[in-house]
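Visitor: Please choose one part of this model and take me through it slowly, explaining each term when it comes up. I would also like to hear about the parts that lie around it.

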Amino acid sequence: MNHLSRLLTIILYILLPWNISYGGVFNTSKSFDLLCLPQYIDHIKDDARFAGLCSDSVFLANISQVNSICSASKLCNLYSEIHGDKDDITKCLFTIQHLDSLARDVEWAKGILSVQPQLSYIYHKLVEHGYSDYWENTIYPKLKSHIDNYNLNEDLKNNIDQSLSEFFLPESLPDTQSKIYILDIENAFNLSDESFCCTPLILNPEIEKQLRLNFMNIYIHENLHNLHISPELMEKLGELDCDSFYRSKEDIAQKHGEGRNEAFVVAAEVFISHKSGIRDSQNVFDEFSQYVDGSLVLAPIIYVNLSNRIPNESYNDFLIRLFVNGILRAGAIKDNYDKAMSAIQSEIAE
C-alpha cells in the first residue's frame with residue numbers, strides 16, 4: 001500500500017461513523033457489544049476467526065466463570081459508571097485490564113472485580129482474534145439494518161417530546177437526554193446514567209405486536225428517569241416499608257431488579273403513553289397487573305390521581321402531596337390499589 005492509499009485509509013477510518021446516533025434516538029456501541037459477549041458467546045461460534053477460541057477449554061472455562069459472577073448488564077453498568085469509552089476497543093481493553101484500580105471505589109462491583117483476570121483474558125483474546133473488525137463488518141451492518149428499517153413515526157415522536165416537556169414542567173428536560181443503545185443482545189437493561197441498552201428485536205414490528213409495549217414506550221420511560229426525585233420524597237417512600245401489602249410486593253419487585261422509585265416512572269410512562277394513544281385502557285390495566293408480576297402497586301394509584309396534578313406543580317411535589325394527603329400512606333396501599341385497578345378496568349368497556 002503506497003503512502004497516499006495508507007493516508008486515505010486512515011482518514012476514512014477516522015470519519016466512519018461507527019457509533020451513530022439516529023435522529024437523536026438510536027445509538028450503537030462497539031465497546032458495549034464487546035462487554036456483552038461473554039453472555040452471548042454463541043453469537044460468534046460460527047465465525048471462522050473465533051472457531052478456535054470457542055472450542056478452547058481454557059477460554060470457555062473463563063467464560064463460564066465470568067458468567068457465574070456477572071451479567072452483561074452489570075459489566076456495562078460498571079463500564080458506564082467509570083466513564084469507559086463507548087467505541088474505542090483499545091481503550092475498552094485498557095479499562096478492563098486496569099479495572100481493579102479504576103473501579104476499586106465502586107462498592108457494588110466487588111463481584112466483578114473478583115473475576116477481573118478472567119475478564120482481561122477473555123477480552124484480550126477476542127480483540128486479538130479480530131473482534132473490532134468483526135463488529136464493524138458483521139455486527140454494525142446488522143444493527144444498522146434494524147435501525148434503518150424501523151419506521152419511526154416522527155409525528156408521534158414530536159408529540160411525545162411535547163408531552164414529555166409538559167410533564168416535566170416547571171422543570172425542563174435535560175439538554176443531554178438518555179441514550180438508547182441498540183446492541184447485539186437478546187434482552188434490555190438500564191445503565192446507571194439512565195441510558196438504556198436494548199435488543200434490536202424491539203425494533204421489529206412483529207415482535208412489538210407480541211409485547212405490551214413498543215419502542216416509543218421505552219423512549220418515554222427512559223426520558224422520565226431524568227425527573228427530579230428529592231431526598232424528602234424517597235424518605236416518604238421508605239415510610240411505606242411498614243405496610244405489609246406494599247412490602248410484600250416491593251420484595252418481589254426488588255428480586256426483579258426493580259422497585260423503589262420505579263413505580264413513579266412507570267405511572268408517568270403509562271399516563272403519557274395512554275394520553276398519546278400508544279396504550280389503550282386494556283393495555284394500561286395489563287401493564288399494571290403484569291409488569292414485574294404486578295408488584296409496582298403504587299403505579300396505578302399514582303396513575304389515576306395524575307389528572308388531579310396542579311398546573312405548574314412538579315412531579316416530585318405532586319407525589320409528595322399524595323403522601324401528605326394520605327393517598328400513599330402505610331395501611332392504605334392495598335385499599336387504594338384495589339380502587340385504582342377497578343377504576344382502570346371500568347374504562348375498558350367504555
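Guide: We begin with one helix and then follow its surroundings outward.

This is a predicted model, in which local features need pLDDT of at least 70 and side-chain atom pairs pLDDT 80 or more, while totals for chains, interfaces and linings use all residues. Residues are numbered from 1 along each chain as its sequence is written, and side-chain values use heavy atoms, with hydrogens and water left out.

Our chosen part is helix α5, residues 72-81 (helices are DSSP runs of H or I with at least four residues, strands are runs of E with at least two, and both are numbered from the N terminus). Seven of the 10 residues of α5 are buried, so α5 is largely enclosed by the rest of the structure (buried means under 20% relative accessible area, exposed over 50%, and partly exposed in between, with a 1.4 Å probe and protein chains only). The buried residues are A72, followed by the run L75, C76, N77, L78, Y79 and S80. What covers these buried residues includes the helices α2 (30-36), α6, α7 (99-102), α8 (110-113) and α9, and also the strand β3.

Just after α5 the chain reaches H83, which takes a positive phi of about 60 degrees, a positive value in a residue other than glycine. H83 is found in the loop that leads from α5 to α6 (89-97), and at 70% relative accessibility H83 counts as exposed, in contrast to the seven buried residues of the helix before it.

Two members of that cover, α9 and β3, open the way to the rest of the picture. Helix α9 (residues 116-128) packs against helix α4 (residues 57-69) at an angle of about 130 degrees, with the two axes 9 Å apart (axes are lines fitted to C-alpha atoms, for helices over the stretch in contact, and angles run from 0 to 180 degrees between N-to-C directions). That angle makes α4 oblique to α9 (under 35 degrees counts as roughly parallel, over 145 as roughly antiparallel, 65 to 115 as roughly perpendicular, and the rest as oblique). The crossing of α4 and α9 is left-handed (the near helix is turned anticlockwise from the far one by less than a right angle, whereas clockwise would be right-handed). On the side of α4, the contact is made by V58, F59, N62, I63, Q65 and V66, and on the side of α9 by Q118, L119, Y121, I122, K125 and L126 (contact means heavy atoms within 4.5 Å). By class, this contact has eight nonpolar, three polar and one charged residues (Ala, Val, Leu, Ile, Met, Phe, Trp, Tyr, Cys and Pro count as nonpolar, Asp, Glu, Lys and Arg as charged, and the others, Gly among them, as polar).

The other way out is β3, which belongs to an open sheet of four strands with the order β1-β2-β4-β3 and mixed pairing (two strands pair if DSSP finds at least two bridges between them). The edge strands of this sheet are β1 (26-27) and β3 (188-190), each of which pairs on one side only. The partner of β3 is strand β4 (residues 196-198), with which β3 pairs in the antiparallel sense over three bridges, and in β4 the bridge partner of A188 is C198. Helix α13 (residues 215-224) lies across β1, β2 (180-182), β3 and β4, and runs at about 160 degrees to β4.

From β2 we can step back along the chain into the loop between α11 (154-168) and β2, where P170 is found, and there the peptide bond from L169 to P170 is cis, with omega near 5 degrees. Helix α11 in turn packs against helix α16 (residues 262-275) at an angle of about 135 degrees, with axes 10 Å apart, which makes α11 oblique to α16. The crossing of α11 and α16 is right-handed. S163, L164, E166 and F167 of α11 make the contact with A268, F271, I272 and K275 of α16, and these residues divide into five nonpolar, one polar and two charged.
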